[in-house]
Amino acid sequence: MNKEIKVVDGENGLQFIEIDNSLAVARIALQGAHVDWWRPKSSKQDVLWLSSNARYQKGRSIRGGVPICWPWFGKHPTDGSFCVHGFARVIPWKLLESEQLKNGATKIVLKMLPTDEVIKQLTYSFELILTVVVGESLYLNLKTTNLSDSPFVISEGYHTYFYISDIEKIKITGLENSSYTDKIDNFNRGIEEEPIIFKNEFDRVYTNTSNDCYIEDEIFNRVITVKKSNSNSTVVWTPWQKKALAMGDMGGKDEWRRMVCLETANLLENSVVIYPKLSHSIATEYSVQEY
Ligand code: TA6
C-alpha cells in the first residue's frame, strides 16, 4: 500500500482508510464505504460537515460526510421494518484496491460485502462497487451490477452533508425550473422558481434534473460545486432546529445550522431498472472555489 494511505482501527471495532496526499486529506469508514472527512489542502475550511457526536457503531449510519443510500432511498417501498435509506451505509465493505494517480490524487476502490441479513432482504444477486478519488476534488462512483437473471429496480443517492457558515447565509442554485416533491408539504409537487434559500425545515426531492448544483456561501467566500452523472434526482435537506435536536446525533445546540444536505440521487420516477448482467453507475464530484 502506498505511503499516502493507512488502514487504521477506530472506535467500536470500526476500521478506517486514512488518506493524506499532496492535494487533500480524507477518511473513509470501511463500514458503509463512508467518506466522513475530505478537505483539499488549498481550502481554508472543511467541505463536508460531520456531527461532533456522530455515532461510530456497527450497524449505525455515521451522521455527516457522504452516507451511501442503496438499494432504496428513504423508506423501503414495501417493508417499513427495513432500515431507512437502505443497508449499504451500515454494513461492511472491503478495500479492493488503492492507486496513487499521476496528478497526486488517490483512488480507492471498495466492494460491499452482503451480510446474511441483507441477502434475506433482497431477491436478487448483485455486486456493488464504490470508487473514490481523493484530490483537489472529491469524486465518487457507485456501480451496481445485476448478477441475476431478472431485472431489478433500485433507488440510490449520496446523502452528502456539506459544511457551511450558516443555513440562513447560503443559497443553492442549479435547481431553478426543476420540479420537486415536497416531503414536508404532504409530498405536494411544485416547480422551483428561485435559487433556494432557507428559513425553516426544508426537504425536497427534485426529479428529472441532471443539473450541476452550487452552494453559494457569502460568509465563507466560496462556492461548492456538485457535479453529477447518471443522476436525475437531487435532494435538498435541512432538518432545522426541532428535528435536529430530536435526532440526538446532530451535535451541539446550533451545529445543524452549519450543514446542508445536497444529494446526488435517483429516486421516485427516476428509480433505475438494472437488467440482467448489466451495470449502472451514478457519479458525483465535489469541488470548492474560494474568492
Ligand atoms: O434526504 C433527506 C432525508 O430523507 C430526510 O427526510 C431525513 O430523513 C434525512 O434524509 C436523514 O435520514 P437519516 O436516516 O440519515 O436520519
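**Exercise 1. Find the volume and the lining of the second largest pocket in this predicted model.**

Solution. Start with the volume: the second largest pocket measures about 160 Å³. Next, list the residues that line this pocket: G13, L14, Q15, L30, Q31, K58, G59, V90, I91, P92 and W93. Last, sort the lining by class, which gives six nonpolar, four polar and one charged residues.

**Exercise 2. Describe the largest pocket by its volume, its lining and the elements that supply the lining.**

Solution. The volume of the largest pocket is about 1100 Å³. Its lining counts 42 residues, and F73, G74, K75, V84 and H85 are the closest to the centre of the pocket. By class, the lining splits into 21 nonpolar, 10 polar and 11 charged residues. Then look at secondary structure. Three strands, namely strand 10 (152-154), strand 16 (202-207) and strand 19 (233-238), each give at least two residues to this lining, and helix 2 (240-247) also gives at least two.

**Exercise 3. State where the ligand sits and which residues are around the ligand.**

Solution. First, the place: the ligand sits in the largest pocket. Second, the shell: R63, F73, V84, H85, R89, H159, K183, D203, V235, W237 and E263 are around the ligand. Third, the classes: this shell has four nonpolar, two polar and five charged residues.

**Exercise 4. Which polar side-chain atoms lie within 3.5 Å of an oxygen atom of the ligand, taking R63, H159 and D203 in turn?**

Solution. Use 3.5 Å as the cut-off for a polar contact between N or O atoms. For R63, a polar side-chain atom is 3.0 Å from a ligand oxygen atom. For H159, the distance from such an atom to a ligand oxygen atom is 2.8 Å. For D203, the corresponding distance is 2.6 Å. To finish, consider cover: on its own the ligand has 400 Å² of accessible area, and the protein covers 80% of this area.

**Exercise 5. Locate the cis peptide bond and the positive phi of N12 in the backbone.**

Solution. Begin with the usual case: most peptide bonds are trans, and most residues other than glycine have a negative phi. The bond that joins W70 and P71 is cis, with omega about 0°. P71 belongs to the loop between strand 5 (68-69) and strand 6 (93-100). Now take N12, which is not a glycine but has a positive phi of about 55°. N12 is in the loop between strand 1 (5-9) and strand 2 (15-20).

Methods. Residues numbered from 1 in each chain as written. Predicted model: local features only at pLDDT ≥ 70, side-chain atom pairs only at ≥ 80, totals over all residues. Heavy atoms only, no water. Near = heavy atom within 4 Å. Polar contact = N/O pair within 3.5 Å; in protein donor to acceptor, adjacent residues only side chain to side chain. Areas by Shrake-Rupley, 256 points an atom, 1.4 Å probe, with all protein chains shown as cover. 1 Å grid on protein atoms, 1.4 Å probe; cavity = no way out; pocket = protein on both sides within 12 Å on 5 of 7 lines; lining within 4 Å. Sits in = over half its atoms within 2 Å of the grid points. Nonpolar A, V, L, I, M, F, W, Y, C, P; charged D, E, K, R; others polar. Points joined across faces, edges and corners; volume = space filled by probe spheres on them. Helix = DSSP H or I, 4+ residues; strand = E, 2+ residues; numbered from the N terminus.
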